Each structure stands twice: as C-alpha cells, then as structure tokens.
Amino acid sequence: MKEKLEEILIKVKEKLKSINDENALNNLRSLTLGKKSEISSLMANFRDLPVEDRKEYGKLINEQKQVLEELFEVKRNQILAEKLKEKLAKEEIDVTIPGAKLPLGSSHILNQVIKDFERLFIGMGYEIKDGPEVEKDLYNFEMLNLEKGHPARAMQDSFYIDLETLLRTHTSPVQARTMLKSEGKPIQIICPGKVYRRDDDDQYHSHQFMQIEGLVVGKNITMSHLKATLLEITKFFFGEDKEIRLRPSYFPFTEPSVEVDVYDGTSYIEILGAGMVHPNVLKMGGYDPNEFTGFAFGIGVERVAMLKYGIDDIRLFYTNDVRFLKQYKGGL
Ligand code: PHE
C-alpha cells in the first residue's frame, strides 16, 4: 500500500511538470483526489483490513492526500503568478509617450462677471435669488406698476407665449415675487439671469441678454443708500478711481428713477437703471409705503462686460466662437 501511494505521488509530480494552466490543473486534481481516483479506491479497501491496521492505513492515506493538496496549491500559485507576469508585460506603459491633450473649457465670460458681482453682493449681506424666464404678465408688468395698455410697455417689446405669459423682458419681476414671499420682512437680494426682448440684433442689441436685479426694502432706506451702493458697484467692477453720473430717468416701478453712466475716459456710458421703489409696487407686494421704502437697480451684464474688457460687439457673447471665448479663461 505504501508503494502504491509512493507511485501515485511520483506520477502526479511528473504530470504536474507539464501543466501550465488552471483548467488542466483542476482536471488532474479531480483525477487524483476525486471520487473515481486511485486514492478513493484505496479508501474503499478499508473495510477489508483487519481492525488493528485500519488506524495506521487511514493516517497514511490522509497524510498522502495532504501532501498532494499542497502540491496542487503550490502549482496553482505558480500558474497565477505566471499569468499576472504575462498580463503586466502586455500592459507595460511607456511613461515617456506624450499624453493626449484634452481641450479644457472654462466658464463663460458672462458667468464670470456674474460670479464677480455675486461675491461683491454676498459681502454686502445680499441673498442671491432666482426667477423663471417664462413669466406671467402679472409679475413682468402689472405688479411693477405697468398695467395693461401702459405706454411704457412699448419700451420692452416682448416674446409672448399667450396673452398672459411671456419671456421676461427684465429681471424686475423677481422684485414682485420676492416681496410677496417675504411677507413684510426686510429684503436685500440680487437676481442674475437671462431676459428677452424683441429686438433686431446688431452690434449693441441682442434679443437675449443678462441682467442683475437688485432690491433692498426696509425702514428708512433712502436715495443716499442707493447712491452709495451704485458707487460701490462701480468701484468694485471698474476700479477705485471711476466716477459715475446719475441721470434722471423714468421707470414705472421706481420714483425717482435714475440711469447710471460710467466715465470711460472719453464719454459716459450707461450701465444700469435704478431708483427708489414706487409706493404702488410696495403696496402690491404687501408692504406699507408709509412704513417701508426701498431701492432697486438692474445692471446690464453685457454692457459692463463690454466696457471692462473692451468687447465691441454684443453678439460675440452668444455666437460661441471659441477664439473669442478662449480669451477669458478665468473662473474655473
Ligand atoms: N428693469 C429695468 C430695465 O430693464 C431696469 C431697472 C431695474 C430700473 C430696477 C430700475 C430699477 O430697463
């Protein structure tokens, strides 16, 4: 029996030498140790042995099985190591090959300008609000003191979706929406966003553009607060030495109203409209005009961007010419 076991061991060792993949190894293992293997048949002989020999016989077989299992295990590890080596050799990376260059985008110049303003206003305690671009006539006009048929509506020719719905012509509807939501509490917000007007596009006009609305409502808010804020905005964006000019103007939702011009060295250029919130607008928004006052402004984002960066055609912002956009790579 001992010889038989020896024989098996030698045979297996011999066969293992020529095996170099896992499948073949598994086959050999089940042939050697499985139900139909020689070892199993040796076990089957067990019953024929005298009782006193059985213990020793069993021990021998079990030891032998263990030795074989170890042999298979060692071989399995060898095969796996070999496989890994092959795989690594195939996947060898040449670190000296130059990498593929992916074009890197950046945020749009108009978004960069808006982010700049947001930083300024957050620093002054404002909250940033948002409003829908598809807006109700009610908020875009009526609650801003522009009832139906008001002649000033003609200044903002619009894209109508139906008689009561349009693409907002300015960010001012957010004033009305914010007042209604704030339920009589003080307000200090800005709202940047897209607005739309029916206009023939040219160097200075676009049917779509951006504004940043500002609204402050509280007790004892005066024109001097507005003026100081406008000056702050200008200095932040255009530099400490910049001067502004306030020109009397007219908006139905502010009284008095002004237009703000920045001096660019040769002439004054209009950058925003502003004014003290009209008492009717406060009333419709749920604020008692005897108790509350406020100011509002609307910055033309393209205007200030053009002025600051010397861009001479508003259409450049929207026609997505990468040669233009690439020049303003900040803001990432
Ligand atoms: N909504 C006005 C416009 O688009 C600008 C503005 C905003 C004026 C707020 C006064 C106060 O022309």
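The ligand takes up the space of the largest pocket in this predicted model. Fifteen residues make up the surroundings, and of these 15 residues, His170, Ser172, Arg197, Gln211 and Glu213 come nearest to the ligand. Sorted by class, the shell around the ligand is a mix: 8 residues are polar, 5 are nonpolar and 2 are charged.

Some of those nearest residues point polar side-chain atoms at the ligand. Histidine 170 has a polar side-chain atom 2.9 Å from a nitrogen atom of the ligand. For arginine 197, the partner is an oxygen atom of the ligand, with a polar side-chain atom sitting 2.8 Å away. Glutamine 211 also faces an oxygen atom of the ligand, and here an N or O atom of the side chain is 2.9 Å from that oxygen. As for cover, the ligand on its own would expose 330 Å², and the protein buries 92% of that area.

Then there is the question of which strands build the shell. Strand 6 (208-218), strand 9 (268-277) and strand 10 (293-300) each put in at least two residues. Strand 10 gives the largest share, with 3 residues of the shell.

Zooming out to the whole protein chain, the division is into domain 1, spanning 2-90, and domain 2, spanning 109-328. Taken over C-alpha atoms, the centres of domain 1 and domain 2 are 85 Å apart. His170, Ser172, Arg197, Gln211 and Glu213, the residues that come nearest to the ligand, carry numbers that fall in the 109-328 range of domain 2.

Terms used:
Residues numbered from 1 in each chain as written. Predicted model: local features only at pLDDT ≥ 70, side-chain atom pairs only at ≥ 80, totals over all residues. Heavy atoms only, no water. Near = heavy atom within 4 Å. Polar contact = N/O pair within 3.5 Å; in protein donor to acceptor, adjacent residues only side chain to side chain. Areas by Shrake-Rupley, 256 points an atom, 1.4 Å probe, with all protein chains shown as cover. 1 Å grid on protein atoms, 1.4 Å probe; cavity = no way out; pocket = protein on both sides within 12 Å on 5 of 7 lines; lining within 4 Å. Sits in = over half its atoms within 2 Å of the grid points. Helix = DSSP H or I, 4+ residues; strand = E, 2+ residues; numbered from the N terminus. Nonpolar A, V, L, I, M, F, W, Y, C, P; charged D, E, K, R; others polar. Domains from an automatic or database assignment.
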